[in-house]
Structures are given as C-alpha cells and as structure tokens.
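Trainee: I would like a close look at one small part of this model, followed by the parts around it. Please go slowly.

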Amino acid sequence: MQPRTKQSVLMPDEARPAGESSTQVIAVSSGKGGVGKTNVVANLAIALTKAGKRVLILDADLGLGNLDVLLGLVPQYTIENVLAGTHTLDEIVLKGPAGIHVLPASSGVPQLTALTESQQVVIQEQLAQLAGEMDVLLIDTGAGISPTVTFFASSADETMVIVSPEPTSLTDAYALIKVLARQYRERRFKVLVNQAKSPREASEVFGKLDVAVDRFLHVAIEFVGSIPYDDYVHMAVMQQKAVFEAFPDAPSSQAFRKIAQQIVQWPKPGLPKSSVQLIWQRSAIHAGN
C-alpha cells in the first residue's frame, strides 16, 4: 500500500487572508452526456489559468469521472478515498497542465452517483477550505438530473449549462433547468453552446431554449457564447490534452480564450441563487476563519 500524501500541492503562499472568500464557484452541467461538457471545463480551466487565475477543478461526475483521462493525468487517489475517510481532498489534488489543480473522481463506482447527506457535508466542508485558496472553482458535474448533479449545480455561484445543437440536448437542458428552478429555486443560469457549426446556429440554439424557459419556467438564462465545431478538439482528445494546450491557435481555443476573458469580468453575485448555495457560503466563511 502506498503511503498517504502528506504535502498538499497547494503552496502556502497561495492562501488567502483568513475570513476572505472571493472564490468564483461555477458549476458546469448538461442535461445529457456527449455535449463536450468535460472538454469545456478542461479548456476553460487552462484558459483562465493563462489569464492569471488560480483554478481548481472538481470532477463531480463521481461514479464516471474521466477528467483525469482527458488531461493525461494518473491519479493515485480519488474522491472515493476521501469519502472512505482514508484521505482528505487536500491530499488528492493533482497538478494539471498550465498549473491547474484537479480533484479526480472515480470511475465505475455506481454507489457514488447518489451521495448521502453526510457525504455531501464532507465534500462541502473540505471543498470550501480548498476553494478559498483559489480564484475560480470549476465543478464538472455529471450529466442529467440526479440528486448529486443538482446538489453540486445548486451549490455554485453560477450554473453554466452546456448545450449542443442536437434537439435532445436542448430538451434535456430544459429538464435540468426545470429541476433546479423548481426544487432549488434557482433563478439565473448561464448557457454555452458547444459544437456549433456557426455563430448563427449557436444563436438559434440559445434562442429556442430561452423562449422555452421564459415561457414555462420564468427564469433568466444568459448566453455566455459558443465553441465552434472543431476537428482540432478531437485531435487533442486523442493526445489526452486540452485543445487549448495542444493547439492554442485553433478556432475552438480562440473561443475558449474569449469566454475565459468574460468569466474573469463576472462580478461576484451579491445574493445566493439557491438554498444550497447559502449553506455553501456559510461553510466557506467558516473555513476561512
């Protein structure tokens, strides 16, 4: 058995003053799989790091995590070890490309797809402390509307829903927003259109979703932008790299850079967008004191 890692990869000089919690927490979710959500997370993380931000990614697809595979990382320990009580989140952090920090998930562990309340508390408390040392925390949730997905999505400052031009993607994105709006009383969402063949197609996709949620759910969605369909993305995946790292001048990389520059300018929301996020904010303040 390998000895436990005692030294965090988070260096002491990265710590914030006690009591300060200005970390931007963004959950990246999708109604269905196959829309490129994890790829978006990986590339945005690197783009944000290149923009001078300290970025931590939580692979919250706890039973089917693959962010580490996408980035060519080989984790020794995962969140499964944290939930088993043998390690802490701080001890499983990996350093990824461009200096991003990654909390890897397990794969093929179905019992982790439905966290108990006590497991949620463990993740929430330890994550609040780690995130306090970062500028941005990106939560790569699983796809769908499971309780674990909606828990992480509702915990964040912002929920970014990834959609593709496929009709099923739109339908499932609407379902995700509906659950978050009705069960967690979320009133605002960011939307990013991935794999768009043109800016016009991306605008049309967003427009369809906007009309539906406005008419039936009465919530606001904001168009963050779009990532074009790009063969370089597939080429990067085959190299187990983010396209932003492997092909920084590719069309998709340029789009990720533009969206990262937007995110840097997002103000910290003054009010929590859900009851779960209110608990999160209290945990973060407690961790900082």
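Trainee: Does R185 count as buried or exposed? Please use R185 as the starting point and work outward from there.

Mentor: The model is a predicted one. R185 has a relative accessibility of 65%, and exposed means over 50%, so R185 counts as exposed. Its place is the loop between α7 and β7. The backbone there has a further feature: R185 is not a glycine, yet its phi is positive, at about 60 degrees. Most residues other than glycine have a negative phi.

Now take the two elements that flank this loop. Helix α7 covers residues 167–183 and lies on the path of the chain from β6 to β7. This β-α-β crossover is right-handed. Strands β6 (residues 158–163) and β7 run parallel and are joined by 4 bridges. One pair to look for is V161 with its bridge partner V191 in β7.

Strand β7 spans residues 188–196, and 7 of its 9 residues are buried. The exposed loop residue R185 is thus followed along the chain by a strand that is mostly covered. From β7 the chain goes on through helix α8 (residues 199–216) to β8, again in a right-handed crossover. Strand β8 takes in residues 220–228, runs parallel to β7 and is joined to it by 8 bridges. Here V193 stands opposite S226 in β8.

Next, place these strands in the whole sheet. The sheet is open, has 8 strands and shows mixed pairing. Its order is β3-β4-β2-β5-β1-β6-β7-β8, which puts β7 between β6 and β8. The edge strands are β3 (94–95) and β8, each of which pairs on one side only. Helix α7 packs on this sheet and touches β1, β6, β7 and β8. The direction of α7 makes about 160 degrees with that of β6. Helix α11 (residues 251–265) lies across β1, β6, β7 and β8 as well, and runs at about 150 degrees to β8.

Packing of α7 also shows in the nonpolar core. The largest core has 49 residues, and the members that touch the most others are L58, L103, F152, I177 and L209. Helix α7 gives the most to this core, with 6 residues. For L103, the contacts beyond four places in sequence include L56, I57, L58, I79 and L127. A second core is separate from this one and has 39 residues, including A236, A242, A255 and W266.

Two buried residues elsewhere make a contrast with R185. A42 sits in helix α1 (residues 37–50). Its relative accessible area is 0%, so A42 is buried. Beyond four places in sequence, A42 touches I57, L67, L70 and L71. A42 is also 9.0 Å from D140, C-alpha to C-alpha, although 98 residues separate the two in sequence. The other residue is T23, in the segment before β1 (24–30). T23 counts as buried because its relative accessibility is 4%, and the cut-off is under 20%. The side chain of T23 reaches the backbone oxygen of M134 at 2.9 Å.

R185 can also be set beside other residues with a positive phi. A98, in the loop between β3 and β4 (101–103), is not a glycine and has a phi near 65 degrees. Its relative accessible area is 42%, so A98 is partly exposed. Q240 follows helix α9 and has a positive phi near 55 degrees. At the start of that helix (residues 231–238), a side-chain oxygen of D230 comes within 2.9 Å of the backbone nitrogen of Y232.

To go back to the start: R185 is an exposed residue in the loop between α7 and β7. On one side of that loop is a helix that packs on the sheet, and on the other is a strand with 7 of its 9 residues buried.

Methods
Residues are numbered from 1 along each chain as its sequence is written. This is a predicted model: local features need pLDDT of at least 70, side-chain atom pairs count only at pLDDT 80 or more; totals for chains, interfaces and linings use all residues. Side-chain values use heavy atoms; hydrogens and water are left out. Helices (H or I, at least four residues) and strands (E, at least two) are DSSP runs, numbered from the N terminus. Buried means under 20% relative accessible area, exposed over 50%, partly exposed in between (1.4 Å probe, protein chains only). A polar contact is a pair of N or O atoms within 3.5 Å; within protein, one must be able to donate a hydrogen and the other to accept it, and residues adjacent in sequence count only if both atoms are side-chain atoms. Two strands pair if DSSP finds at least two bridges between them. A crossover is right-handed if, with the strands pointing away from the viewer, the path from the first strand over the helix to the second runs clockwise. A nonpolar core is a set of buried Ala, Val, Leu, Ile, Met, Phe, Trp, Tyr and Cys residues joined through side-chain atoms within 4.5 Å. Contact means heavy atoms within 4.5 Å. Axes are lines fitted to C-alpha atoms, for helices over the stretch in contact, and angles run from 0 to 180 degrees between N-to-C directions.
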